[in-house]
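Subject: Structure handover

Hello,

The structure I promised is below. My notes on what was found in it follow.

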Amino acid sequence: MKHYILFFISNILIENFILVKFLGLCPFLGTSNKIETAFGMSFATAFVVLVSSVLLWWVNAFILLPLDLVYLRIIAYMLIISFSVQFLEIILRNTSPILYRLLGIFLPLITTNCAVLAIPLFSLYSNHTFLDTIFYGISASFGFTFVMIVFSCIRERIVLSDVPLPFKGAPIVLITVSLISITFMGFKGLIKF
């Protein structure tokens, strides 16, 4: 049990995909203007990451490896991720049209989010078991959600702040992301995993 708790903390704080590995920056910067949008994008990304991680582990373990089709791994992964995003889009369109409109173009762009593809690949190259893959997907999604929510709160405060004219807009956002990233990189070495 201690193994999974350390695994969880490591993937949320120490090996965060956005701030330490710099993956998934497009939706991070694009949808973190408001907390509602950030929460919606976090939910959507977490859903796709979890579903695709589980499906990709099964496809790799029971189809690609036994049939010696490992060279088709990326193509199969992209098809499964695309399917997961389309499935999520149908669900959101029918259950939450407001969130569907809020996410706009960023919802289909989850397909090309490098973090969504990287999480199952990192899990695969780390030789995770099925249970480890599930925990890896959940903890990486929590890390993504945590950073999205925190940064959207900070961005809402930045809009209300008196920022010097040369720093308004993208410069202050990038400076803030850099400072948060330095903070998260400071966690490195706290847990040896």
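The expected span of a helix is 1.5 Å times one less than its number of residues. This is a predicted model, and helix H4 is a convenient place to begin reading it.

Helix H4

Helix H4 covers residues 73–95, 23 residues in total. From its first C-alpha to its last it reaches 33 Å, close to the 33 Å expected at 1.5 Å a residue. Its buried residues are Arg73, Ala76, Tyr77, Ile80, Ile81, Ser84, Val85, Leu88, Glu89 and Leu92. The cover over these buried residues includes H3, helix H5 (97–103) and H6.

Salt bridges

The structure holds two salt bridges. One of them is within H4: Arg93 pairs with Glu89, and the closest N and O atoms are 3.9 Å apart. The two residues are four apart in helix H4, about one turn of the helix. Which of these partners is buried and which is partly exposed? Glu89 has 10% relative accessibility and therefore counts as buried. Arg93, at 42% relative accessibility, counts as partly exposed.

Lys21 also forms a salt bridge, with Glu15, where the closest N and O atoms are 3.7 Å apart. The charged end of Lys21 also sits over the ring of Phe17, 4.6 Å from its centre. Lys21 has a relative accessible area of 25%, so it is partly exposed.

Aromatic pairs

There are 14 aromatic pairs in the structure. A pair of aromatic rings is described by the distance of the centres and the angle of the planes. Two pairs are given here in those terms.

For Phe28 and Phe151, the ring centres are 4.8 Å apart and the planes are at 35°, so the pair is tilted. Phe28 belongs to helix H2 and Phe151 to helix H7, so this pair ties together parts that are 123 residues apart in sequence. Phe28 and Phe151 are both buried.

For Trp57 and Phe130, the ring centres are 5.1 Å apart and the planes are at 55°, so this pair is tilted. Trp57 is in helix H3 (residues 35–64) and Phe130 is in helix H7, so the pair ties together parts that are 73 residues apart in sequence. Trp57 counts as partly exposed because its relative accessibility is 23%, and buried would need a value under 20%. Phe130 is also partly exposed, with a relative accessible area of 26%.

Ring pairs also link Tyr4, Phe8, Phe135 and Phe142 into a cluster.

A buried serine in H7

Ser152 is placed in helix H7. At 0% relative accessibility, Ser152 counts as buried. Which residues does Ser152 touch, not counting residues up to four places away in sequence? They are Ser32, Asn33, Lys34, Ile35 and Ala38.

Positive phi values

Most residues other than glycine have a negative phi. Two residues are listed here for a positive value.

Phe22 is not a glycine, yet its phi is positive, at about 55°. Phe22 is in the loop between helix H1 (2–14) and helix H2 (25–30). With 42% relative accessibility, Phe22 counts as partly exposed.

Asn127 has a positive phi near 55°. Asn127 is in the loop between helix H6 (114–125) and helix H7 (130–160). Asn127 counts as exposed because its relative accessibility is 67%, and the exposed class starts over 50%.

Database annotation

An unreviewed UniProt entry lists residues 6–26, 38–58, 70–92, 99–122, 134–154 and 166–187 under "transmembrane region". Two of these spans were looked at in the model. How much of residues 99–122 is helix? That span is 58% helix and 0% strand, and its end C-alpha atoms lie 30 Å apart. Residues 134–154 are 100% helix and 0% strand, with end C-alpha atoms that lie 30 Å apart.

Regards

How values were computed
Residues are numbered from 1 along each chain as its sequence is written. This is a predicted model: local features need pLDDT of at least 70, side-chain atom pairs count only at pLDDT 80 or more; totals for chains, interfaces and linings use all residues. Side-chain values use heavy atoms; hydrogens and water are left out. Buried means under 20% relative accessible area, exposed over 50%, partly exposed in between (1.4 Å probe, protein chains only). Rings of Phe, Tyr and Trp (its six-membered ring) pair if their centres lie within 6.5 Å; planes under 30 degrees apart count as stacked, over 60 as edge-to-face and the rest as tilted. A charge sits over a ring if NZ of Lys or CZ of Arg is within 6 Å of the ring centre and within 35 degrees of the ring normal. Contact means heavy atoms within 4.5 Å. UniProt positions are given in the numbering used here, feature names are shortened, and annotations may be inferred rather than shown by experiment. A salt bridge is a side-chain nitrogen of Lys or Arg within 4 Å of a carboxyl oxygen of Asp or Glu.
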